[in-house]
Amino acid sequence: MTKYIKYHKNYTEFGEPYQLVLPLNLEGLVPNDDSVRLLSHELEDLNYSLLYQAYSAKSRNPAVDPKTMFKILTYAYSQNIYSSRKIETTCKRDINFMWLLAGQKAPDHSTIARFRTGFLADACEDLFYQMVRRLEQMNELSKETRTHDIQKICCFIEQVCEEQHTVFVHGRGKRKSRNQKYLELFRRFLERQTVYDWHTASFQGRNNYCKTDPDATFMHMKDDHMRNAQLKPGYNVQIGVDSEYIVAADIFQDRNDVWTLIPFLETIEKKVGFRYPSVTADSGYESEEAYTYLREQKQKPYIKPQTYEKWKKRSFKQDISKRENMGYDEITDTYICHAGKELKPLFIKKQKSKSGYESEVTVYECEDCTSCPHKERCTRAKGNKRLYISKSFLEKRQESYENILSEKGILYRMNHSIQVEGAFGVLKNDYEFQRFLLRGKTKVKLEILLLCMGYNLNKLHAKIQNERTGSHLFPVKETA
């Protein structure tokens, strides 16, 4: 049976001893209900073994205890302080940071930077999900062959040159032998192919990457100040929210959200330790592969169809080319077009997605569109109109569509807008976190985890003060 922790507004009741340097008594200067007390208490009992393992046993002791450094960094991110120099200054001037140091000397900016990008890099993710599991315990969560071939050609030509005693010449007015010309030519090919292979490896399944940060992908950003659809290097940040807390966060290089859902759900189950019975997401995550995965995992989908908003428009309802506006005979498996002609199944083709998922698509073709007066409005094909339909996808989409229209679905969708989109809004606007300071996927992930941890502690503090602990969903407002 899980033992839940009971919280009170007065954080001094946690009773954690602090050795303070006299004559200052910082204990009395920090308000009893200040969030820094809660942060210190929640981070105190985490397992820091991975963090301490990052320090060599033969090296000298760190100036500031690693646990304290982690508390300082997490608290700084929760207070919109991200620069190592600003954190150094704050540790010397801010009472709360002095209180966290508990008499230890304030770290300088280089110490903070080394800790953040070096020692903490491999341990931050583990610490973040420890914090998520604590929230759950508190019932707060509801492999190039071309290069090898060119190398073999170069070796062969070198051997021929050696056997024929080829003399290599250089400079203007010198006539190069045929062997020398071929050898230099293929050496240039090999050099260019090597560079090409390096670039190809850097793509990692993408169609572009940034030279200053190979892990980043060029994307269209919402903050397009020049209004010219300029591409900027960035990452696709995904978060999972439960009961207003960020329970999972990850960094992806895909610009499309559809390829992030399954790996993100797998990360949640692995890191948090349990599987949610349902998943609520917006239309950007919809795919047959996602629906199939959720069904296999016995997770109920609450995903809005990509055409959900279009279905409501009059222009869509009057578009005779759309499958939705055609009749369908389940017995004969035929569609009836606007002219009353039948579109019969022609053949079934298989197609693979980017991730390797294989789906079946049934191709329907109209019996005759030659003299149809509606052909210009119905199809641009020179021959007969065709429909490409995945029956499995339509069946799973219909299930999710019915789910989101249910009473629970409306509740979940409303809370998705408030809690998930709201969390992004707080991180970007209230916390003023508009860009990452570090480069590389690992370091960027470290930053977002620190930010989310600070967010969760601030959220827990706010819920305690507003006597809202244990609440999970906002109710739907009743209309008059």
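## Cysteines without a disulfide

In this predicted model, the count of disulfides comes to zero. Cys337 is in no disulfide, and the nearest cysteine sulfur, which belongs to Cys366, lies 4.7 Å away. A disulfide is taken here as a pair of cysteine sulfur atoms within 2.5 Å, and the sulfur of Cys378, at 6.1 Å from the closest cysteine sulfur, in Cys337, is therefore too far away for a bond.

Are these two cysteines, Cys337 and Cys378, buried or exposed? Cys337 is buried, with a relative accessible area of 13%, and Cys378 also counts as buried, at 15% relative accessibility.

## An open sheet of five strands

Five strands form an open sheet, and their order across the sheet is E7-E8-E9-E10-E11, with antiparallel pairing. The edges are strand E7, residues 327-329, and strand E11, residues 386-389, each of which pairs on one side only. Neighbouring strands of this sheet are turned against each other by 30° on average, when direction is ignored. As a general point, the strands of a sheet pair through backbone hydrogen bonds, and the pairing may be either parallel or antiparallel.

At one edge, E7 runs antiparallel to strand E8, residues 334-336, and three bridges join the two strands; here Asp329 stands opposite Thr334 in E8. At the other edge, four bridges join strand E10, residues 358-366, to E11, and this pair also runs antiparallel, with Thr362 standing opposite Ile389 in E11.

How are the faces of E11 divided between covered and uncovered residues? Leu387 and Ile389 make up the covered face, whereas Arg386 and Tyr388 make up the uncovered one. In a regular strand, the side chains alternate between the two faces of the sheet.

## The hairpin of E3 and E4

Strand E3, which covers residues 236-242, has six of its seven residues buried, so this strand is largely enclosed by the rest of the structure. Seven bridges join E3 to strand E4, residues 245-252, and the two strands run antiparallel, with Asn236 standing opposite Phe252 in E4.

The hairpin of E3 and E4 has two residues between its strands, and Ser243 has its place in this loop between E3 and E4. Ser243 is buried, with a relative accessible area of 2%, and its phi is near 55°, a positive value in a residue other than glycine. Most residues other than glycine have a negative phi.

## Helix H3 and the loop after it

Which residues does Thr68 touch, not counting residues up to four places away in sequence? Thr68, which is found in helix H3, residues 66-78, touches Leu100, Leu101 and Gln104 when those sequence neighbours are not counted. Thr68 is buried, with a relative accessible area of 10%.

Ile72 lies in helix H3 as well, and this residue is buried, with a relative accessible area of 2%. When its neighbours within four places in sequence are left aside, Ile72 is in contact with Ile87, Cys91, Phe97, Leu100 and Leu101. The C-alpha atoms of Ile72 and Met98 are separated by 9.4 Å, although the two residues are 26 residues apart along the chain.

In the loop between H3 and H4 is Asn80, a residue that has a positive phi of about 65° although it is not a glycine. Asn80 is partly exposed, with a relative accessible area of 30%, whereas Ser243, in the loop between E3 and E4, is buried.

## How helices H4 and H6 cross

At what angle do the axes of helix H4 and helix H6 cross? The axes of H4, residues 84-93, and H6, residues 109-119, come within 8 Å and cross at roughly 125°. Angles of 65 to 115 degrees count as roughly perpendicular and those over 145 as roughly antiparallel, and H4 and H6 are therefore described as oblique to each other. In this arrangement, H4 passes H6 in a right-handed crossing.

The contact is made by Ser84, Arg85, Ile87 and Glu88 on the side of H4, and by His109, Ile112, Ala113 and Arg116 on the side of H6. Ile87 of H4, one of the residues in that contact, is also among the residues in contact with Ile72, which lies in helix H3.

Key: Residues numbered from 1 in each chain as written. Predicted model: local features only at pLDDT ≥ 70, side-chain atom pairs only at ≥ 80, totals over all residues. Heavy atoms only, no water. Buried < 20%, exposed > 50% of the residue type's maximum accessible area, 1.4 Å probe, protein only. Pairing = 2+ DSSP bridges. Axes fitted to C-alpha atoms, helices over the stretch in contact; angles between N-to-C directions. Parallel < 35°, antiparallel > 145°, perpendicular 65-115°, else oblique. Left-handed = near helix turned anticlockwise from the far one by under 90°. Contact = heavy atoms within 4.5 Å.
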